[in-house]
Amino acid sequence: MAIQGECPKCGKRVLHVNVETIVGMVDGTSKARCISHSCIHCNTVLGVEVDHRAKPRTRASKSAAKA
């Protein structure tokens, strides 16, 4: 038997979640690619974690950013 939780906001059983790719910010600067899990019924965020499988983000050089 699988263990199933309930959404803390709507109280419905969480059998499926919406998964989104998001960017983690530290002091206004993007630092890591992350994954967000949210309830399919009410869209409450249930958790966020760093996506260790994501490829590193390419950074624009300072000279390219000024152009």
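Which strand is the place of Gly-47? Look for strand E5, which covers residues 45–50, and you'll find Gly-47 there. Keep in mind as you explore that this is a predicted model.

Let's step back and take in the whole chain. There are five strands and one helix here. If you follow the sequence from its start, the order goes β-β-β-β-β-α, so the helix comes after the strands.

Now, how much of the chain is tucked away? Of its 67 residues, 13% are buried. The exposed surface adds up to about 5,700 Å², and 52% of that comes from carbon and sulfur atoms. As for who touches whom, take the contacts with a separation of 6 or more: 27% of them link residues 24 or more positions apart.

Back to Gly-47 for a closer look. Its relative accessible area is 22%, and because buried means under 20%, Gly-47 counts as partly exposed. If you set aside the neighbours within four places in sequence, Gly-47 is in contact with Ile-35, Ser-36 and His-37. Take one of these, Ile-35: it sits 12 residues from Gly-47 in sequence, and the C-alpha to C-alpha distance is 8.3 Å.

Finally, turn to the surface. Which residues make a nonpolar patch there? They are Val-17, Val-19 and Leu-46, and the patch comes to about 230 Å². One of them, Val-17, belongs to strand E3, which runs over residues 17–26. Val-17 has 35% relative accessibility, so it counts as partly exposed. That value also fits its place in the patch, because patch residues need over 30% relative accessible area.

Notes
Residues are numbered from 1 along each chain as its sequence is written. This is a predicted model: local features need pLDDT of at least 70, side-chain atom pairs count only at pLDDT 80 or more; totals for chains, interfaces and linings use all residues. Side-chain values use heavy atoms; hydrogens and water are left out. Patches are made of residues with over 30% relative accessible area and no salt bridge: like charges are joined within 9 Å, nonpolar side chains (Val, Leu, Ile, Met, Phe, Trp, Tyr) within 5 Å. Accessible areas come from the Shrake-Rupley method with a 1.4 Å probe; for residues, only the protein chains shown count as cover. A salt bridge is a side-chain nitrogen of Lys or Arg within 4 Å of a carboxyl oxygen of Asp or Glu. Helices (H or I, at least four residues) and strands (E, at least two) are DSSP runs, numbered from the N terminus. Buried means under 20% relative accessible area, exposed over 50%, partly exposed in between (1.4 Å probe, protein chains only). Contact means heavy atoms within 4.5 Å.
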